[in-house]
Amino acid sequence: LLLALGQEMKPGLSNNHLCKPTQVAVALDGTIFVSDGYCNSRIVKFGADGQYLGEAKVPHMASGATAVVHSVLLDECTDTVLVAAREAGKVHAF
């Protein structure tokens, strides 16, 4: 095992907890982006060493329901993180 993010069988919303993450994207510099979608509706950013660097919340749907984050993609040419929220039918750019 080279690196573990979150804590096994301990879901949460803190800097060192995830809740049903759906996808991971890794930048060329090793920065890690995790779509933490089913419980938290956020993208969490970690350094290559696993250190928490920040997060971005995905907006709620028009109905007020929490948007489930399903996918994360990096466009390093434009320094953009793209996030798919399937139920909302949207792709958010950060």
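**Exercise 1. Describe the overall fold and extent of the protein chain.**

Step 1. Read along the sequence, the pattern is β-β-β-β-β-β-β. The protein chain holds seven strands and zero helices. Keep in mind that this is a predicted model.

Step 2. Check the compactness. The radius of gyration is 13 Å, close to the 12 Å that the globule rule gives for 94 residues, so the protein chain is as compact as a globular protein of that length.

Step 3. Take the box along the principal axes. The C-alpha atoms fill roughly 40 × 35 × 20 Å.

Step 4. Turn to the surface. The accessible surface comes to about 5,800 Å². Carbon and sulfur atoms account for 57% of that area. Of the 94 residues, 36% count as buried.

Step 5. Look at contacts with a separation of 6 or more. Residues 24 or more positions apart make up 33% of these contacts.

**Exercise 2. Work out the sheet that contains strands 1 to 4.**

Step 1. Find the order. The four strands form an open sheet, 1-2-3-4, with antiparallel pairing.

Step 2. Find the edges. Strand 1 (23-26) and strand 4 (52-57) each pair on one side only, which makes them the edge strands.

Step 3. Add the twist. From one strand to the next, the twist averages 20°.

Step 4. Inspect one pair inside the sheet. Strand 2 (residues 32-36) and strand 3 (residues 42-46) are antiparallel and share five bridges. Asp36 has Arg42 in strand 3 as its bridge partner.

**Exercise 3. Trace the pairing of strands 5, 6 and 7, and locate the positive phi angles.**

Step 1. Start with strand 5 (residues 69-75) and strand 6 (residues 80-85). These run antiparallel and are joined by six bridges. Val69 is paired with Ala85 in strand 6.

Step 2. Examine the turn. Four residues lie between strand 5 and strand 6 in this hairpin, and Asp79 takes a positive phi near 55°.

Step 3. Move to strand 7 (residues 90-93). Four bridges link strand 6 to strand 7, again in the antiparallel sense. Ala85 stands opposite Lys90 in strand 7.

Step 4. Examine the second turn. The hairpin of strand 6 and strand 7 also has four residues between its strands. Here Gly89 has a positive phi of about 65°.

**Exercise 4. Identify the nonpolar cores and the strands that supply them.**

Step 1. List the largest core. Its 10 residues are Ala25, Phe33, Ile43, Val58, Ala67, Val69, Val72, Val81, Val83 and Ala85.

Step 2. Assign contributions. Strand 5 and strand 6 each supply at least two residues of this core. Strand 6 gives the most, with three residues.

Step 3. Probe one member. Leaving aside neighbours within four places in sequence, Ala25 is in contact with Thr31, Ile32, Phe33, Val72 and Leu74.

Step 4. Look for another cluster. A second, separate core has five residues, including Leu18, Val34, Val44 and Phe46.

Step 5. Relate this to a broader trend. In soluble globular proteins, nonpolar side chains tend to be buried together.

**Exercise 5. Is His92 buried or exposed, and which residues does it touch?**

Step 1. Place the residue. His92 sits in strand 7.

Step 2. Apply the cut-off. Buried means under 20% relative accessible area. His92 has 14% relative accessibility, so His92 counts as buried.

Step 3. List its contacts, not counting residues up to four places away in sequence. His92 touches Val58, Pro59, Val81, Leu82, Val83 and Ala85.

Terms used. Residues are numbered from 1 along each chain as its sequence is written. This is a predicted model: local features need pLDDT of at least 70, side-chain atom pairs count only at pLDDT 80 or more; totals for chains, interfaces and linings use all residues. Side-chain values use heavy atoms; hydrogens and water are left out. Two strands pair if DSSP finds at least two bridges between them. Buried means under 20% relative accessible area, exposed over 50%, partly exposed in between (1.4 Å probe, protein chains only). Contact means heavy atoms within 4.5 Å. A nonpolar core is a set of buried Ala, Val, Leu, Ile, Met, Phe, Trp, Tyr and Cys residues joined through side-chain atoms within 4.5 Å. Axes are lines fitted to C-alpha atoms, for helices over the stretch in contact, and angles run from 0 to 180 degrees between N-to-C directions. The radius of gyration is taken over C-alpha atoms; the globule rule is 2.2 Å times the number of residues to the power 0.38. Accessible areas come from the Shrake-Rupley method with a 1.4 Å probe; for residues, only the protein chains shown count as cover.
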